[in-house]
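Biologist: Got a minute to walk me through this one? I'd like to begin with the aromatic rings.
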Amino acid sequence: MGPLDGLRVLDLTTWRPGPYTTRLLAQLGADVIKVEPPGGEPMRAFRSHFDLLNQGKRSVALDLKTADGLARCLELAAGAEVFVEGFRPGVADRIGVGHVRLREANPALVYCSLSGYGAEGPLADVPGHDINYRAYTGALGPDAVSPAADDLPVADMAAATMAAFAITAAVLHARSTGQGERIDLGMADVLANWVATVPEAANRTRGVGPVAGYGVYRTADGRRVTLGVVSEDRLWAAVCRALDLGEFTGLGFADRLARVRELDETIAGELGRLDADEALRRLSAEGAPAAPVLDRAEMMAHPHFTGRDVVTGVPFRTTRAKPSPHGPAPDLDEHRGAGWRA
């Protein structure tokens, strides 16, 4: 049994943020019924993506523009604890599944709306996708370039994770009080909140990290490794020992900040003379905070992530309630006529 075993979630979302939200809930035991339009949600055209985002759910195809389709959706919503939608602001109300209507029939319902900029505000009606939300919120670097197709969609994944957290919190409240909630979550809002927690740097030093020994470095074989030294003297000393930079070992944090470019370029020069495997061996042997820059396939095969089952499982561990097996993604309308599990 998972910690959310028995939680009934009606999912009307498409593409990535909403489906990843409900995938997280399903992996923790929630009963997720995915309502799809006739012909299926658009992500089914990218089946490898769809399957990863919709594991463990059930599918019902409903045409919400018809009386029968809408009636069946409302029937399912009346028995749900959670309703998640990702329409443009105002669309859910227009088609008859807005939060006011659903919560009148089911006062304890937790209703979550996911949109780009939220349901209200100057940007509410502006269309967008991940790169737009990152641009508006200061989450794209000053030298940002167009992303590749396989770049991590930061806004999508951040919003989905935040939505799963907000839904779970609201369900706890609803179960104890009988009072449901409407969650209005904008993807840009999450990134704006994240960016606001990181103080703006008054002086940026281009080409090097924020402190010496924190950054990405190219090795002699053309690969890249990372170092993660911040203020810790012991980690700085470990890097110096590994790279035979003994004359810098005793420098304190303030001195290192004053000499960022000099010290970081020295580190880059030493790493540039070593192959990546040798550099990582030496750094790891001294206890330095080093890591290789892996691609997706290398990450998927890494024994740490496979051993912790985070690639196909959930990204955390529990000691008592275990996440549910994820199971396959459903075929379109595979569960026509099905109701909620007991």
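Modeller: Sure. A search of the whole structure finds four aromatic pairs. Keep in mind that this is a predicted model.

Biologist: How do Tyr117 and Tyr133 pair up?

Modeller: Tyr117 and Tyr133 are edge-to-face. The centres lie 5.2 Å apart, with 85° between the planes. Tyr117 sits in the loop between S5 and helix H6 (130–136), and Tyr133 is in H6 itself. That puts them 16 residues apart, so to speak of distant parts of the chain being linked is fair.

Biologist: Is Tyr117 buried or exposed? And Tyr133?

Modeller: Tyr117 has 7% relative accessibility, so it counts as buried. Tyr133 is at 4%, so it counts as buried too. The cut-off for buried is under 20%.

Biologist: What about the rings of Tyr117 and Tyr136?

Modeller: Their centres are 5.6 Å apart and their planes are at 85°, so that pair is edge-to-face. Tyr136 is in helix H6, 19 residues from Tyr117. Tyr136 counts as exposed because its relative accessibility is 52%, and the exposed class begins over 50%. Ring pairs link Tyr117, Tyr133 and Tyr136 into a cluster.

Biologist: OK, on to S5. How many of its residues are buried?

Modeller: Six of six, across residues 110–115. Both faces are covered. Val110, Cys112 and Leu114 are on one side. Tyr111, Ser113 and Ser115 are on the other.

Biologist: Which strands does S5 pair with?

Modeller: S4 is one of them: four bridges join S4 to S5, and they run parallel. S6 (residues 181–186) also pairs with S5 in the parallel sense, over six bridges. Look at Ser113. It is the bridge partner of Glu85, and it also stands opposite Asp184 in S6.

Biologist: Switching to helices. How long is H3?

Modeller: H3 covers residues 67–78, which is 12 residues. From first C-alpha to last it reaches 16 Å, close to the 16 Å expected at 1.5 Å a residue.

Biologist: Which residues of H3 are buried?

Modeller: Gly69, Leu70, Arg72, Cys73, Leu76 and Ala77. Seen down the axis of H3, the buried residues fall within an arc of 160°, so they line one face of the helix. On the other side, Ala67, Asp68 and Glu75 are exposed.

Biologist: What does the buried set pack against?

Modeller: Three strands and two helices are listed by name: S1 (8–11), S2 (31–36), S4 (82–85), H4 (91–95) and H5 (99–105).

Biologist: Now the domains. Where do they run?

Modeller: The domain assignment gives domain 1 as 8–197 and domain 2 as 214–293. Their centres, taken over C-alpha atoms, are 43 Å apart.

Biologist: What happens along S8?

Modeller: The side chains of S8 (residues 224–228) alternate. Val225 and Leu227 point to one face and are buried. Arg224, Thr226 and Gly228 point to the other face and are not.

Biologist: And what pairs with S8?

Modeller: S7 (residues 214–218) pairs with S8 in the antiparallel sense, over five bridges. Val216 has Thr226 as its bridge partner. S9 (residues 290–292) joins S8 by three bridges, again antiparallel. There, Val225 partners Pro292.

Biologist: Which residue takes a positive phi in the hairpin of S7 and S8?

Modeller: Gly222, with phi near 85°. Five residues lie between the strands of that hairpin.

Note on methods:
Residues are numbered from 1 along each chain as its sequence is written. This is a predicted model: local features need pLDDT of at least 70, side-chain atom pairs count only at pLDDT 80 or more; totals for chains, interfaces and linings use all residues. Side-chain values use heavy atoms; hydrogens and water are left out. Domain bounds come from an automatic or database domain assignment. The expected span of a helix is 1.5 Å times one less than its number of residues. Buried means under 20% relative accessible area, exposed over 50%, partly exposed in between (1.4 Å probe, protein chains only). The arc is that of the directions from the helix axis to the C-beta atoms. Contact means heavy atoms within 4.5 Å. Two strands pair if DSSP finds at least two bridges between them. Rings of Phe, Tyr and Trp (its six-membered ring) pair if their centres lie within 6.5 Å; planes under 30 degrees apart count as stacked, over 60 as edge-to-face and the rest as tilted.
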